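Q: Could you take a close look at one part of this model for me, the helix pairs of the first chain? I'd like to know how they cross and what sits where they touch, plus whatever else belongs in that picture.

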Amino acid sequence: MATENNSNFSRRGFLKASSLASGGLLIGFNLFTACKQKAEMPIDISKLNFADFNAFIKIAENGMVTIFSPNPEIGQGVKTSMPMIIAEELNVAWKNVVVEQGVLDTENYTRQVAGGSQSIRFGWDALRQTGATARQMLINAAAAKWGVSASECSAKEGVITNAKGETLGYGDVVKEAALLEIPENVALKEPKDYTIIGTKAINVDIDEIVSGKPLFGLDYKEEGMVYASVLRPPAFGQELESFDATAAKNISGVVDVITIGEKARNLLNSEKPGWSVKLSSSDKVVVIANSTWAAMKGKKAIKAVWKEGTPLESTEAHDKELVKLLDGKKFRTMRSDGDVKKAFAQADKVLERTYESPFLPHNCLEPMNFFASVDDAKVRLVGPIQTPEDLATAVSTMLDRSLEDISVKMTRMGGGFGRRLYGDFAMEVAEIADVIRKPVKMVSSREDDMTTGVYRPAIKYRIKASVKNGEITGYQLKEAAVNGNMYGLIPNFFPAGAIENYQVDVASLKSNITTGAWRAPYTNFLSYAEQSFFDELAEVIEKDPVQMRLDLLQKVKGTKDDKIQYSPERLEGVINLVVEKSGYRTPKEGVYQGFCAYYCHNTHVAEVADVVMENNKPVVKNVTVAVDCGIVVNPLGAINQIEGGVVDGVGHAMYGDFKFKDGMPDSSNFGTYRLIRNSESPKVATYFVENNLSPTGLGEPTLPPAGAAVSIAITKATGNRIYKQPFTKNMVAKEIIG
Amino acid sequence: MPTYNLKVNGEKQVVEAESDTPLLWALRDNLDLVGTKFGCGIGQCGACTVHIDGTATRSCLLPVSALEDKEITTIEGLSENGSHPVQQAWKEVDVPQCGYCQAGQIMTASAFLETNPKPTEEEIKIAMNGNICRCSAYNRIQRAVAIASEKIG
């Protein structure tokens with residue numbers, strides 16, 4: 001099982017302490033390095049200095065503790081939960097801790113940001129050791145002051161006490177502590193002794209958020225800044241041929257109209273454009289104005305002529321091509337156990353079903369935007385980005401500038417969902433600033449954001465299972481996806497290991513529509529396909545669907561296959577908990593329940609959705625969720641992520657629809673693109689499996705099971721199965737048709 | 001460029017802007033009141049909600065030229081220091097995830113509770129239906145509105 005943290009790092013290289021000129025103790029550590037799965041120090045430890053750290057704890061002489069959190073905050077709550085872990089081991093009162101967003105400055109720091117629900121999982125050991133080491137240094141300093149052994153002293157809530165009952169505050173010994181050697185092998189606390197971890201901590205930015213303080217990229221401003229609006233090709237495949245800016249230039253407030261694209265092409269044609277580069281190679285027309293409104297109006301007034309660079313694609317054609325791939329033989333096998341062909345040939349019964357999903361835009365509520373300022377000395381970039389290091393590298397290549405010239409400042413993000421992993425919008429504004437040499441902020445309209453995005457790829461799954469003597473003997477999953485396939489370890493998720501003959505095959509269709517990660521990549525749709533299939537399979541073998549899962553899990557227990565990613569015991573745990581809490585065994589009249597259990601992003605989750613029929617339409621009323629994420633660091637933040645993930649999953653499975661025709665999306669704003677709303681949101685009840693295992697992330701894993709649980713509940717309510725998302729457009733029921 | 005006399009958060013402000021400039025951009029770009037957010041520009045998401053004479057209104061569609069003599073309240077002016085019962089309830093429940101839509105949610109909720117201080121659960125859901133929360137914090141928004149209603153008493 002690969003569910004445990006395996007980060008090993010040298011503490012000597014990982015921590016450094018120093019006294020501050022202003023008084024107090026500063027401890028530096030490298031969070032990005034520590035949070036990487038395989039932590040490694042990329043530099044010579046003996047030459048390490050403070051510039052090599054990106055996270056700091058400052059303990060002032062008055063005892064106040066400031067933790068500088070370098071991780072970008074996209075709403076997943078790490079700005080609260082990661083400092084909680086440090087504070088726990090440091091033994092300070094949470095009320096005396098201030099959290100500040102650290103600045104990522106690529107002049108000094110060139111480390112990657114961990115993503116994919118991994119911040120807490122990989123930060124767990126590093127953060128605890130940082131807090132514990134700092135605590136021990138303070139105790140050692142107090143012990144030296146008293147002339148006693150450190151082992152006779154203890155610390156609680158920022159106060160050190162010796163055997164005689166004398167006390168010293170952390171602030172009283174910070175000067176001395178800064179001069180001490182960094183201790184090795186400091187003992188970590190037992191979970192039973194936690195006083196901060198497991199308590200409900202409110203989001204550290206709450207006061208600023210509810211009073212409308214500037215926090216987000218869109219709120220960023222500088223003296224003399226101009227605004228930019230970018231006109232990009234309206235269809236994927238198109239390129240700019242010519243344009244007329246006469247009308248735009250006549251709009252009051254419009255300062256200039258320029259084109260960009262040359263530098264972007266330099267980057268795209270460079271040896272290493274980088275994984276996160278999703279720029280279009282076309283020229284783009286940019287309206288520069290002295291207000292956002294004038295820039296947006298100016299863009300609408302541009303008369304552009306577009307030519308076809310590459311063929312304009314459509315969902316209709318994709319659908320045919322993806323089916324052709326599923327029917328064909330061009331597969332790459334990701335995992336193969338036993339002999340599925342033989343199992344299918346010898347079966348009593350074979351079930352085969354195909355599941356389909358559309359492209360989806362991210363629709364972060366804060367549209368893409370970024371600030372840039374370029375002069376001969378510096379390139380300054382400010383805004384919402386999940387991958388600041390990649391951005392700095394790309395801009396350095398694009399503008400042919402030294403990496404030392406480039407700085408990136410991160411703002412709070414109005415949602416990410418994967419979209420802000422890709423810095424195309426920030427690279428564009430860097431090119432704009434390079435041309436105009438003025439501080440400039442690019443603001444996308446909702447239409448820009450939705451129609452020139454990076455989308456969840458359209459995918460089709462075909463799943464086939466064989467049954468012999470009432471047992472599942474074979475299972476084959478085929479994936480046909482636009483631009484790439486499921487990655488890494490996904491083929492080793494459930495039911496891998498539980499079925500003797502098992503195979504996962506993938507095939508890909510190349511498209512000029514930009515696609516990328518979307519909250520819980522691949523599993524966000526795979527879970528619905530597989531778990532809906534299991535429900536139908538249970539019907540075929542005439543077994544209770546929950547019992548069928550539990551029986552399959554029995555076969556995985558004690559497996560020697562270290563590729564298997566999930567724990568059968570932990571999946572069993574969440575299944576039993578959700579069955580108990582949802583009343584699944586004692587159904588209520590008129591309430592149709594759908595059950596799903598799934599493992600992804602290192603977390604085990606089971607969900608039961610309750611659907612009722614109202615005015616002949618299925619309505620999702622409640623979702624009960626059981627989660628095993630190990631130790632729950634911040635229950636308030638955790639439940640927030642879980643509820644959000646579930647409702648987001650329900651919403652996109654029910655309503656998310658996005659088609660292309662002639663290279664253009666059929667929706668461009670919320671008037672036609674339907675997102676789940678308040679009155680459509682089910683009530684979510686969350687239950688945790690309590691244990692002392694290392695914590696895992698929660699930003700993604702509760703989303704994938706939601707669509708499956710809902711589809712199964714709707715099937716019970718309507719008598720018909722759903723094989724295609726979104727459900728609202730693909731449900732078939734006598735009541736609905738009639 | 002024409003100028004308009006606006007009354008924002010109790011203070012008189014002179015805004016120099018084209019007549020069709022939506023209040024949203026006048027607030028954000030001219031007056032540095034960036035708490036009011038841009039989400040869709042077509043009145044569908046509610047991120048730009050402000051109060052006009054006490055009524056929750058989408059500021060992204062409302063031209064500055066139509067607002068002289070109106071009382072405009074933004075999230076910055078809802079209370080002195082985040083002490084409005086709705087803001088208090090939002091903190092208690094820890095509503096926000098990314099936080100971007102919350103100013104709009106709070107402005108809708110506070111205007112709604114003025115007209116209906118003791119709403120039912122259904123009434124809360126309907127009143128808040130025009131405000132999209134992309135992080136889907138809807139359960140908490142409903143709870144916070146109910147708590148704010150108790151606070152208003």
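A: Here's a walk through the helix pairs of chain A, then the loops and the partner chain. Keep in mind that this is a predicted model.

Let's start with α18 (residues 635-655) and α19 (residues 703-718) of chain A. Their axes come within 7 Å and cross at roughly 55°. An angle like that makes α18(A) and α19(A) oblique to each other, and the crossing is right-handed. On the α18(A) side, the touching residues are G645(A), V646(A), D648(A), G649(A), V650(A), A653(A) and M654(A). Facing them from α19(A) are L703(A), A706(A), G707(A), V710(A) and I714(A). Sort the residues of this contact by type and you get eight nonpolar, three polar and one charged.

Just past this pair in our tour is a backbone oddity: Q725(A) and P726(A) are joined by a cis peptide bond, with omega at about 0°. P726(A) sits in the loop between α19 and α20 (727-730) of chain A.

α18 also gives us a link to the other chain. E643(A), which falls within the 635-655 stretch of α18(A), pairs its side chain with that of R140(B) in a salt bridge, 3.6 Å from N to O. The count between chain A and chain B is eight salt bridges. As for the interface as a whole, 62 residues of chain A are in contact with 51 residues of chain B. The two chains bury about 4,800 Å² between them, and carbon and sulfur atoms give 53% of that area.

Next up are α16 (residues 545-554) and α17 (residues 568-582) of chain A. Here the axes come within 10 Å and cross at roughly 160°. Angles over 145 degrees count as roughly antiparallel, so that's the label for α16(A) and α17(A). The crossing of these two is left-handed. From α16(A), the contact takes in V546(A), R549(A), L550(A), L553(A) and Q554(A). α17(A) answers with P568(A), L571(A), E572(A), I575(A), N576(A) and V579(A). By type, the residues of the contact split into seven nonpolar, two polar and two charged.

The last pair is α12 (residues 388-398) and α13 (residues 424-436) of chain A, which pack at an angle of about 35° with their axes 10 Å apart. α12(A) passes α13(A) in a right-handed crossing. L391(A), A394(A), V395(A) and M398(A) are the α12(A) residues involved, and they meet A426(A), M427(A), A430(A) and E431(A) of α13(A). That contact comes out as seven nonpolar residues, no polar ones and one charged.

Follow the chain out of α13 and you reach R437(A), in the loop between α13 and β19 (440-443) of chain A. R437(A) isn't a glycine, yet it has a positive phi of about 55°.

One more loop is worth a stop. A second proline, P495(A), lies in the loop between β21 (471-482) and β22 (501-509) of chain A. The peptide bond joining F494(A) to P495(A) is cis, with omega at about 10°.

Methods:
Residues numbered from 1 in each chain as written. Chains lettered and ligands numbered in written order. Predicted model: local features only at pLDDT ≥ 70, side-chain atom pairs only at ≥ 80, totals over all residues. Heavy atoms only, no water. Axes fitted to C-alpha atoms, helices over the stretch in contact; angles between N-to-C directions. Helix = DSSP H or I, 4+ residues; strand = E, 2+ residues; numbered from the N terminus. Parallel < 35°, antiparallel > 145°, perpendicular 65-115°, else oblique. Left-handed = near helix turned anticlockwise from the far one by under 90°. Contact = heavy atoms within 4.5 Å. Nonpolar A, V, L, I, M, F, W, Y, C, P; charged D, E, K, R; others polar. Buried area = accessible area lost by both parts, 1.4 Å probe. Salt bridge = Lys/Arg side-chain N within 4 Å of Asp/Glu carboxyl O.
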